[in-house]
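The exercises below are meant to be worked with the sequence and the model side by side. Please try each task before reading the solution beneath it.

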Amino acid sequence: MIIIDLSQVMIATLMAQLGNHTNAEVDENLLRHMVLNSIRANKIKFSAEYGELIIAADAPRSWRRDVFSYYKANRRRDREASELNWTLIFESLNKIRDELKEVFPYRVIQVDGAEADDVIATLVKNRTNDFEKVLILSGDKDFQQLQRYANVKQYSPVLKKFITCKNPDAYLKEHTIRGDIGDGVPNFLSSDDSLVNGTRQKPISSKKLESWLKSEPEQFCNQEMLRNYKRNQQLVDFDYIPKHIEENIMTEYERQGNKDRTQLFNYFIANKLKNLVEAINDF
């Protein structure tokens, strides 16, 4: 099983197209070609060893925002301050995502309330057996925790290298302690709104971190620290994905089990993807 983190592939492709131009217009046709060609290249590279290619897509709103209102709040603020027209960019990206759903032979899993992370984690945890190889195509560091499962590997299409984690459980615990600035999750010593308000987080020393990693949180946390630790645990630990989200993901996965290739040729012609028509068998 190959699982592609679609948002990361698309955004990386978009940034490659824009280069250093902060106010450039997005060429939807070029973006479509680049995204599809990236999927094709990775399918060629890995399908012989890992099998079926599956695409994991983000829903418009994550369940994590319902439990933590500041989740990814800074990303929204940064987009609003950007010179790029993110409304038009997301319209193009969503259109390409929907075309992948409707035309291509891949399962494209998008479920209300779920991020691509939830889709990927759920598929990994619900494999038929531990002998099935899984390759996660994403550079997102959060997926290192999934390397605790047998035969799960991660490859960054941007860096073009495997990401290996020697101790996934220790990684996850440190991630919970430190939080995730990119997702708006403060460290467990800091208040919920510290990143949004630009307040300096309380520092975590290497000595304390080393000690904490060897102990259970109840041993080193006071009441407030434990509350924040559990806050972060819910946001970053894939074992805390709500059960109804996981069930909906697996239902959607099963529903898409019989997709075919019959629309590919006409789609490539209609979108003037001449080079991809010549490589249609790669899809």
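The expected span of a helix is 1.5 Å times one less than its number of residues. The model used throughout is a predicted one.

**Exercise 1. Describe the course of helix 2, from its start to the residue that follows it.**

Step 1. Helix 2 has 23 residues, and the distance from its first C-alpha to its last is 31 Å, which is close to the expected 33 Å.

Step 2. Along the way, helix 2 bends by about 40° at Ile 44.

Step 3. At the start of helix 2, a side-chain oxygen of Asp 27 comes to within 3.1 Å of the backbone nitrogen of Asn 29, while Gly 51, with a positive phi near 85°, follows the helix.

**Exercise 2. Determine whether Tyr 50 and Asn 42 are buried or exposed, and find what each one touches.**

Step 1. Tyr 50 belongs to helix 2, which spans residues 28–50, and Asn 42 is found in helix 2 as well.

Step 2. Buried means under 20% relative accessible area. Tyr 50 therefore counts as buried, at 6% relative accessibility, and Asn 42 is buried with a relative accessible area of 8%. Other buried residues of helix 2 include Leu 31, Arg 32, Val 35 and Phe 46.

Step 3. Setting aside residues up to four places away in sequence, Tyr 50 touches Met 1, Ile 2, Lys 133, Val 134, Leu 135, Lys 153 and Phe 162, whereas Asn 42, counted in that way, touches Ser 47, Leu 137, Tyr 155 and Pro 157.

Step 4. A polar atom of the Asn 42 side chain also lies 2.9 Å from the backbone oxygen of Ser 38.

**Exercise 3. Work out how the buried residues of helix 5 are arranged around its axis, and what they pack against.**

Step 1. Helix 5 has 18 residues and reaches 25 Å from its first C-alpha to its last, close to the 26 Å expected.

Step 2. The buried residues of helix 5 are Trp 86, Ile 89, Ser 92, Leu 93, Ile 96, Arg 97, Glu 99, Leu 100 and Val 103. Because they cover an arc of only 155° around the axis, they lie on the same side of helix 5.

Step 3. An α-helix has 3.6 residues a turn, so residues three or four places apart point the same way.

Step 4. Thr 87 and Glu 102 are exposed residues on the face of helix 5 turned away from its buried side, while the buried residues pack against helix 1, helix 2, strand 2, helix 4, strand 3 and helix 13.

**Exercise 4. Which residues have the most contacts inside the largest nonpolar core, and which elements give two or more residues to this core?**

Step 1. The largest nonpolar core has 37 residues, and those with the most contacts inside it are Leu 36, Ile 39, Ile 55, Leu 100, Phe 104, Phe 268 and Phe 283.

Step 2. Among the elements giving two or more residues to this core are helix 1, helix 2, strand 2, helix 5 and helix 13.

Step 3. Phe 104, leaving aside neighbours within four places in sequence, is in contact with residues including Leu 36, Leu 264, Tyr 267, Phe 268 and Phe 283.

Step 4. Apart from this core lies another, of 25 residues, among them Ala 56, Ala 121, Ile 136 and Tyr 253.

Note on methods:
Residues are numbered from 1 along each chain as its sequence is written. This is a predicted model: local features need pLDDT of at least 70, side-chain atom pairs count only at pLDDT 80 or more; totals for chains, interfaces and linings use all residues. Side-chain values use heavy atoms; hydrogens and water are left out. Helices (H or I, at least four residues) and strands (E, at least two) are DSSP runs, numbered from the N terminus. Buried means under 20% relative accessible area, exposed over 50%, partly exposed in between (1.4 Å probe, protein chains only). Contact means heavy atoms within 4.5 Å. The bend at a residue is the angle between axes fitted to the seven residues ending there and the seven starting there. A polar contact is a pair of N or O atoms within 3.5 Å; within protein, one must be able to donate a hydrogen and the other to accept it, and residues adjacent in sequence count only if both atoms are side-chain atoms. A nonpolar core is a set of buried Ala, Val, Leu, Ile, Met, Phe, Trp, Tyr and Cys residues joined through side-chain atoms within 4.5 Å. The arc is that of the directions from the helix axis to the C-beta atoms.
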